[in-house]
Amino acid sequence: MQYFRTLSIPVTLSALAVLSLAVSLPELALAQSTDVAASGSSDAARSALGKQEGDVDQATLLKQTLTASDKQYSLVKTGKMMVTYDLNYSYTGQQQIDAKFTDSTLTLFKIENTRAHTITNTVSLDYGLRDNVTGSVSLPLVSKYSESSSFSGTSHAFGDVQLGLRWQPFELRRDTPSLTTSATLRLPTGRSPYRTDATKNLSTGSGTTGITFGANTSKIIDPIALFGSVSLGFSLPAKHLSQVRDGMTLVELRPGPSVGFGGGFAYALSYDVSTTMSIQETLSFPSRLRFSDGSTVRTSVQTSGMFNMGLGVRTSPTNTMNFTVGVGLTSDSPDFTLGLNMPLNF
């Protein structure tokens, strides 16, 4: 978060010219009193001191000073590299009722509680391809602990590697909002939930290759910054599966697209401390599951909504540590999350 100060350029060139003229007047008078015949030389001197062809006057210099400005962007500078570390914890608790009726008679009634704790450590590398184009790669390490009727234990494995590209089409201007677009490719390097035995271990990845396009904008109204974002995601199908689910074998999954949007604001408490509040919602459209017997099933639309609060503390002129707390607003969201983001290039 930054404060803006009004740029003031004191125009002192005229004052300097007057002072120089006042100092030179006594010498000029002395020269005239000693040699009156030097008037011709005096005219030549005035002609030499006058503005010649190609000289730049004060007005031109001032105009160049006010209009000359380099393009400024908020991304990583060309050839520079930035490494960041993210620590995220999320908790999800669910209670499911499994009921089965046979000939209108209840033959099965079971309440199943599931509690999942997930800790994700992510190291991200950002590299400035140009002043307004930044490439990135993220490598997560996922640790999960789950308690349920089918499995209770801990799993550790790498998550999905992500390759990203951010582009800022317009330079930063004080009176106009900034705009940044992005594209992120997700690779299924984590443990797939569609190839995992639910009684032995837990998944650490999505199981599919996906790409997400996004755009975010921000506007500074000192000392508040408003921001918003939208995203659109697509995933490739997962084929050649052989996962047994409730006595049926899953052979193919075709995920539906997802749409996300959100917004919030950041408020500067001081030059070194700022707070943020935001809300984010993601709609995941139905996926289609195909089983070995040829039957297909479509899932329902899932809605994930989160309310986030954050605190940013600047530890140096170029580094800031960010702490976040998120609260789930829908049944498809984690109950709550905790996050820490910090730079590694001190």
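Which residue of E7 stands opposite threonine 184? In this predicted model the partner is threonine 212 in E7, and the report below sets that pair among the other strands, salt bridges and buried residues.

## Basis of the model

This is a predicted model, in which local features need pLDDT of at least 70 and side-chain atom pairs count only at pLDDT 80 or more, while totals for chains, interfaces and linings use all residues. Residues are numbered from 1 along each chain as its sequence is written, and side-chain values use heavy atoms, with hydrogens and water left out.

## The chain as a whole

The protein chain has 3 helices and 17 strands, where helices (H or I, at least four residues) and strands (E, at least two) are DSSP runs numbered from the N terminus. Of its 346 residues, 24% count as buried; here buried means under 20% relative accessible area, exposed means over 50%, and partly exposed lies in between, with a 1.4 Å probe and protein chains only.

The accessible surface of the protein chain comes to about 22300 Å², and 60% of that belongs to carbon and sulfur atoms; such areas come from the Shrake-Rupley method with a 1.4 Å probe, and for residues only the protein chains shown count as cover. Among contacts (heavy atoms within 4.5 Å) with a separation of 6 or more, 58% are between residues 24 or more positions apart.

## Antiparallel pairs from E3 to E7

Strand E3 (residues 133–147) is joined to E4 by 7 bridges and the two run antiparallel, two strands being paired if DSSP finds at least two bridges between them. E3 and E4 form a hairpin with 4 residues between them, and within this pair leucine 141 stands opposite phenylalanine 158. Phenylalanine 158 also belongs to an alternating pattern along strand E4 (residues 152–158): Gly153, Ser155 and Ala157 point to one face and are buried, whereas Ser152, Thr154, His156 and Phe158 point to the other and are not.

Further along the chain, 7 bridges join E5 to strand E6 (residues 178–187) in an antiparallel arrangement, with arginine 166 opposite serine 182 in E6. E6 is in turn joined by 9 bridges to strand E7 (residues 210–221), and these strands also run antiparallel.

## The sheet E9-E10-E13-E14 and the core

An open sheet of 4 strands has the order E9-E10-E13-E14, with antiparallel pairing. Its edge strands are E9 (243–245) and E14 (296–298), each of which pairs on one side only. Neighbouring strands of this sheet are turned by 40° against each other on average, direction ignored, with axes taken as lines fitted to C-alpha atoms, for helices over the stretch in contact, and angles running from 0 to 180 degrees between N-to-C directions. Strand E13 (residues 288–291) is joined to E14 by 3 bridges, and leucine 289 stands opposite valine 297 in E14.

Leucine 289 is also one of the 7 residues of the largest nonpolar core, together with Tyr194, Ala238, Leu241, Leu250, Leu253 and Phe291; a nonpolar core is a set of buried Ala, Val, Leu, Ile, Met, Phe, Trp, Tyr and Cys residues joined through side-chain atoms within 4.5 Å. Strand E10 (248–254) and E13 each supply at least two residues of this core. Leaving aside neighbours within four places in sequence, leucine 241 is in contact with Tyr194, Arg195, Leu250, Val251, Glu252 and Leu253.

## Salt bridges

The count comes to 7 salt bridges, each defined as a side-chain nitrogen of Lys or Arg within 4 Å of a carboxyl oxygen of Asp or Glu. In one of them, aspartate 126 and arginine 166 meet at 3.0 Å, N to O. This pair links distant parts of the chain, with aspartate 126 in strand E2 (residues 105–130) and arginine 166 in strand E5 (residues 161–167), 40 residues apart. Aspartate 126 is buried, with a relative accessible area of 6%, whereas arginine 166 is partly exposed at 26%.

Glutamate 252 forms a salt bridge with arginine 254, the closest N and O atoms being 3.1 Å apart, and salt bridges that share partners join Glu252, Arg254 and Arg290 into one network. Glutamate 252 is buried, with a relative accessible area of 11%, while arginine 254 is partly exposed at 34%. The side chains of arginine 173 and glutamate 171 also meet in a salt bridge, at 2.6 Å, N to O, and arginine 173 counts as exposed at 55% relative accessibility.
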